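Q: Please take a close look at the aromatic rings in this model. Which contacts do the rings make, and how are they arranged?

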Amino acid sequence: AKFFQSKDKNFITAGIETNNLNFYSKGLNKHKIISNGEIHLDFKSTFKNDFSNIIISKAAIYDDYTKFNFDAAYNKEKKKETLKFTVKSNKINMKELSAVFTPARNYIYSGSSTCMLAFVYDFKKDELLESKANVNFLNISLKKLDRGKYITYLQDSSFRVASKNNEITYNANIKNARNNIKLTGKTTINKVRKYKSKNEIIIAAKKIDGLFLYQHLTYQIKDLFSASLKDLRKGYEALYFPQTPFGYFLNHNNYSIKIKADELLLKNNAMFNNLKLELSLKNGWLHTKLFNLSGYGADLVFSINGFFRKERGFFQMKGKALNLDMEKMYKNMEQKGSITGKLSIDFDYEVVANRLQHVIDSAKLTCSVSLLESKIENAEIMSKINTFLKKNKMTVLNNKIKLKKFGFNIRQREQYFYIRDFAIASDTINFAGFGYYKYGDNQGWTIPLYIQLTDKEQKFNSFQTFIKGEFNQPCITVRKTGKNPEPFPLC
């Protein structure tokens, strides 16, 4: 590095070079994020003693695969305070980069990318005087090695962002075996520092993987509840919701979102059709303008609503799937045996919150599930039940059940999830029970069940079981008695 001074100006020239750089992640599943990498830095700058003028005439970060060139100029006057900034990359071969840079364990990626960004920003006016950007990711492939086989998450996909002055446009094509999605959008930025914008997003898809959405939604909900529980144990004073960063964002950024998909895929050949969903967020008011979904003769209803301008933000999500034809759906899922009957699900969730802890202590959830007049024959669930009964030395059932009714209701209040009316009425198995799940106490479900069975020879048998386990992974077990072996659970 070199540094010298002339009157009120200072000059810096510097360079850094690293070789054979290895960087590891933390935690139990440690892996190399950077393998035998090289990083080089060149830097040249001049600035005044009072820092009213700073010029970076040359800055570059590069290795064998990537190169980013920067230049910047900061100037402060009485009526004006501006920053001019430019960054530009080379065309990056992402397959070559994947050999040395692996952000996540067992993932590989390929494709190409380029980046260019230039803007002039006035701090005193909080205004973008000029801006231009182009970011492109083309022919992207993303795979994960899982038990000796690669799972493809992205294939021949692309993502592009372009901007000029205060307007940003973007589009993406997301493809794999179960997704074919095209996204387009436009953002108009009104304020930068106190960010305000208007946004339009359109998603048009031939097919969307509903199972993938469900799995990731459950992960996000689990993380949200975990963060809420941690916040519940803190004792700080909360702000009004519009004064929080998230509340400010929801009240000062408007969104119009339109989603259309020909197919919403479930398991194997099961799917819903003709998904249409339009959402609007304007001046802190979120509402559903349109919803349509069809399949299996069901009456399908869904809506999201919210209002975020008061002391506490309000959010509600509710939906119904009434009289769904289980016979046709189960057949399309290509599962063993058959299940007939009409399935209905009805849920309503709402929360009033101005901090994370309220996701738990002020949330209200009601959910009911019922399956009526059903026949279950040689289905996988019957094999599991009979394995459970046999290993616990109990009566084995016929592989055919005539079910009059199966159902349960769940109600959430604060950390507690109460299950009521949990019952089966059939010709071979009958039970009824109720209990609860307390989030955060590590005890899981507590539901005692008194089960009555009728075996193949029409003999009557009864015993008591318990449902334990995590919220989305419950297990039925029998109480251990005397010197008997540990009971075999049904999970």
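A: Over the ring of Tyr24 sits the charged end of Lys30, 5.7 Å from the ring centre. Tyr62 has a charged partner as well: Lys67 lies over the face of its ring, at 5.4 Å from the centre. These positions come from a predicted model.

Turning from charges to ring pairs, a search of the whole structure finds 22 aromatic pairs. One of them joins Phe408 and Phe422, with 6.0 Å from centre to centre and 85 degrees between the planes. That pair is edge-to-face, because an angle over 60 degrees places it in this class. Phe408 belongs to strand β22 (residues 400-413) and Phe422 to strand β23 (residues 416-426), so the contact ties together parts that are 14 residues apart in sequence. Phe408 counts as buried, at 18% relative accessibility, and Phe422 likewise counts as buried, at 10%.

The rings of Tyr416 and Tyr418 have their centres 5.7 Å apart. Their planes stand at 15 degrees, so this pair is stacked; the cut-off for that class is under 30 degrees. Tyr416 is partly exposed, with a relative accessible area of 28%, and Tyr418 is also partly exposed, at 22%. For both tyrosines the value is thus not under the 20% that would make a residue buried.

Finally, there is an aromatic cluster to consider. Phe225, Phe417, Tyr437, Tyr439 and Trp445 together form one such cluster.

Key
Residues are numbered from 1 along each chain as its sequence is written. This is a predicted model: local features need pLDDT of at least 70, side-chain atom pairs count only at pLDDT 80 or more; totals for chains, interfaces and linings use all residues. Side-chain values use heavy atoms; hydrogens and water are left out. Rings of Phe, Tyr and Trp (its six-membered ring) pair if their centres lie within 6.5 Å; planes under 30 degrees apart count as stacked, over 60 as edge-to-face and the rest as tilted. Helices (H or I, at least four residues) and strands (E, at least two) are DSSP runs, numbered from the N terminus. Buried means under 20% relative accessible area, exposed over 50%, partly exposed in between (1.4 Å probe, protein chains only). A charge sits over a ring if NZ of Lys or CZ of Arg is within 6 Å of the ring centre and within 35 degrees of the ring normal.
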